[in-house]
Amino acid sequence: MILRFLMSALLLAVSPVLLADAITGEVQKQATNYTAIIMFVVFIVFTMGITKWAAKRNTSTADYYTAGGSITGFQNGLAIAGDFMSAASFLGISALVYTSGYDGLIYSIGFLVGWPIILFLMAERLRNLGKFTFSDVASYRLGQTQIRLLSAFGSLIVVAFYLIAQMVGAGKLIQLLFGLDYYVAVVLVGVLMVMYVLFGGMLATTWVQIIKAVLLLSGASFMAIMVMKSVGFDFGSLFAEAVKIHEKGAQIMSPGGLVSDPVSAISLGLALMFGTAGLPHILMRFFTVSDAKEARKSVFYATGFIGYFYILTFIIGFGAILLVSTNPDFKDVTGAIVGGTNMVAIHLASAVGGNLFLGFISAVAFATILAVVAGLTLAGASAVSHDLYACVIKQGKAREEDEMRVTKLTTLTLGVVAILLGIIFEKQNIAFMVGLAFSIAASCNFPVLFLSMYWKGLSTRGALLGGSLGLFTALLLTIISPTVWVDVFGYAEAIFPYKYPALFSMAAAFIGIWFFSVTDKSKRAGEERERFFAQFVRSQTGLGATGAVAH
């Protein structure tokens, strides 16, 4: 009943905007893509049906947080891909290839390299040791209160910065594609993400991500095929023609244009590689499968889907050089691309498939944002309800119904906060926020999680102080870097000369964790080191040290 009411309210929220456009005849009407809006509404109605179906199956916290472990490895791999392949990846990397050529691959390769790390080092151990969140793993043999507080704090900061970037991106994208007002677009995304998570939990979120992944991969594949068809399916011709047309000429086939100094290159690479292994909404997905074997399959399939997707973005970027940059229909009176270079993939969709395919890709771009923010919201809600409320405040003695109530209140709160942040940061340069989210994940979440599984000498004091050091170093260096100090605050020169802090903040985290652990001679630290063997056995087998199945 509530779901039906909210759906009706959502459709009513869209209708007055379209009606006002039609009555006033404002310029905004000309930008409205009605094909995209129809496809978007179809997607919403379909996924709301899935949410209603999933809501009936959420009878426990395990169902809500992890879909009761009922997701298969293949399904979870698609869902992870759907969670990871954001609109920023689709539009942003295509735009980078369009403007910088070969160098655009630095981001896609960095994102992709993180997955083998998760596959070989973390997936099985995560599934065998954890239950709902990665804090379960990090705190397995360490102090529950201290480690869960640190992990929850790190997770919420990552979720917050990631959400801001997604909400602002959603508002700008939908404002351009659908002709909707920015504030209406932000509210729509906020309301929808709350509905998916509040009623459907992980099961609905998973299927939204799967559907979105299939749609995005299908659309990108069609675009890439049409681009290759235009050059006779010859990569040599594709690159040769692009070199002739592009203003940089042969430079687009040479590396070193985007990140020129080695420190920035290494720091960016570390953030992308290890940040992936510390993102709470990605790590949470490994608890949705039944066992470690399915967790390993999940990463295998996700790596394949994501790798294939990034190959497509490379072709799409070069295709845009050929088919968008040479077409005056996609340029304004000054000769610049309408909507900026981030819209070249959208314009390419129009060039290869006409208005119908443009509508499809536009709707998929919106669906992409919804899938990502739903995953982020669920991760943030579980950090508060499971880690902070159930395990820290209630010391593991919380009733399921109370924990679920806190989860839903947190979801509603996150939805309101996300909408407000999206409105507040509308005019700000939010590009640094995604980089900061990855840097914090790589500097706080990943070191604590990785060493808790692999280093016997780790103590609670070392994890807490070292992880906190990495977290605050990443925050501080980002603030005094050129991205914020110069671009946002307007100072002439940055205190910290590099855009990406991960090299320094990760080093601070690992050195801090090591130093504060080896100097910890307390009785408690000794007991924590003694528990490492039992943890190791369970991480490898899923069984307790005595052979009993661990639950």
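**Close-up views of a predicted model**

Nine salt bridges are counted in this structure, which is a predicted model. The legends below take up selected sites in turn.

**View 1. A salt bridge joins Lys 244 and Glu 241 within helix α11.** The nitrogen-to-oxygen distance between these two side chains is 3.7 Å. Three residues separate the partners in sequence, about one turn of the helix. Lys 244 is classed as exposed because its relative accessibility is 65%. Glu 241, at 33% relative accessibility, is partly exposed.

**View 2. Glu 294 and Lys 297 are paired in helix α14.** Their side chains form a salt bridge with an N to O distance of 3.4 Å. Both residues belong to helix α14 and stand three residues apart, about one turn of the helix. Glu 294 has a relative accessibility of 15% and therefore counts as buried. Lys 297 is partly exposed, its relative accessible area being 32%. Side chains of opposite charge can pair when their charged atoms come close.

**View 3. Four charged residues, Arg 399, Glu 401, Asp 402 and Arg 405, are linked in a network of salt bridges.** Within this group, Asp 402 pairs with Arg 399, and the closest N and O atoms of the two lie 3.0 Å apart. Asp 402 is buried, with 14% relative accessible area. Arg 399 has a relative accessible area of 48%, so this residue is partly exposed.

**View 4. Phe 74, Phe 300 and Tyr 301 make up a nonpolar patch on the surface.** Together the three residues have about 310 Å² of accessible area. Phe 74 belongs to helix α5, which covers residues 73–84. With a relative accessibility of 41%, Phe 74 is counted as partly exposed.

**View 5. Thr 288 is a buried loop residue between helices α13 and α14.** The loop in question connects α13 (280–283) with α14 (292–323). The relative accessibility of Thr 288 is 0%, and the residue therefore counts as buried. Its side chain comes to 2.7 Å from the backbone oxygen of Arg 285. When neighbours within four places in sequence are left aside, the contacts of Thr 288 are Thr 66, Gly 69, Ser 70, Ile 71, Asn 76 and Met 202.

**View 6. Leu 216 is shown in its surroundings in helix α10.** This residue is buried, since its relative accessible area is 1%. Leu 216 touches Met 85, Phe 90, Phe 309, Val 364 and Thr 368, residues up to four places away in sequence not being counted. Thr 334 lies 118 residues from Leu 216 along the chain, and the C-alpha atoms of the two are separated by 32 Å.

**View 7. Ala 67 has a positive phi although it is not a glycine.** The phi angle of Ala 67 is about 55°. Most residues other than glycine have a negative phi. Ala 67 is located in the loop that runs between α4 (61–66) and α5. Because its relative accessible area is 7%, Ala 67 is buried.

**View 8. Phe 233, a residue other than glycine, also has a positive phi value.** For Phe 233 the angle is near 55°. The residue sits in the loop between α10 (182–230) and α11 (235–245). Phe 233 counts as exposed, because its relative accessibility is 54%.

**View 9. Cys 391 and Cys 444 are shown in a structure that holds zero disulfides.** A disulfide is a covalent bond between the sulfur atoms of two cysteines. The cysteine sulfur closest to that of Cys 391 belongs to Cys 444 and is 17 Å away, which is too far for a bond. Cys 444, in turn, takes part in no disulfide, and its nearest cysteine sulfur is that of Cys 391. Cys 391 has a relative accessible area of 13% and is therefore buried. Cys 444 likewise counts as buried, at 1% relative accessibility.

How values were computed. Residues are numbered from 1 along each chain as its sequence is written. This is a predicted model: local features need pLDDT of at least 70, side-chain atom pairs count only at pLDDT 80 or more; totals for chains, interfaces and linings use all residues. Side-chain values use heavy atoms; hydrogens and water are left out. Helices (H or I, at least four residues) and strands (E, at least two) are DSSP runs, numbered from the N terminus. Buried means under 20% relative accessible area, exposed over 50%, partly exposed in between (1.4 Å probe, protein chains only). A polar contact is a pair of N or O atoms within 3.5 Å; within protein, one must be able to donate a hydrogen and the other to accept it, and residues adjacent in sequence count only if both atoms are side-chain atoms. Contact means heavy atoms within 4.5 Å. A disulfide is a pair of cysteine sulfur atoms within 2.5 Å. Patches are made of residues with over 30% relative accessible area and no salt bridge: like charges are joined within 9 Å, nonpolar side chains (Val, Leu, Ile, Met, Phe, Trp, Tyr) within 5 Å. Accessible areas come from the Shrake-Rupley method with a 1.4 Å probe; for residues, only the protein chains shown count as cover.
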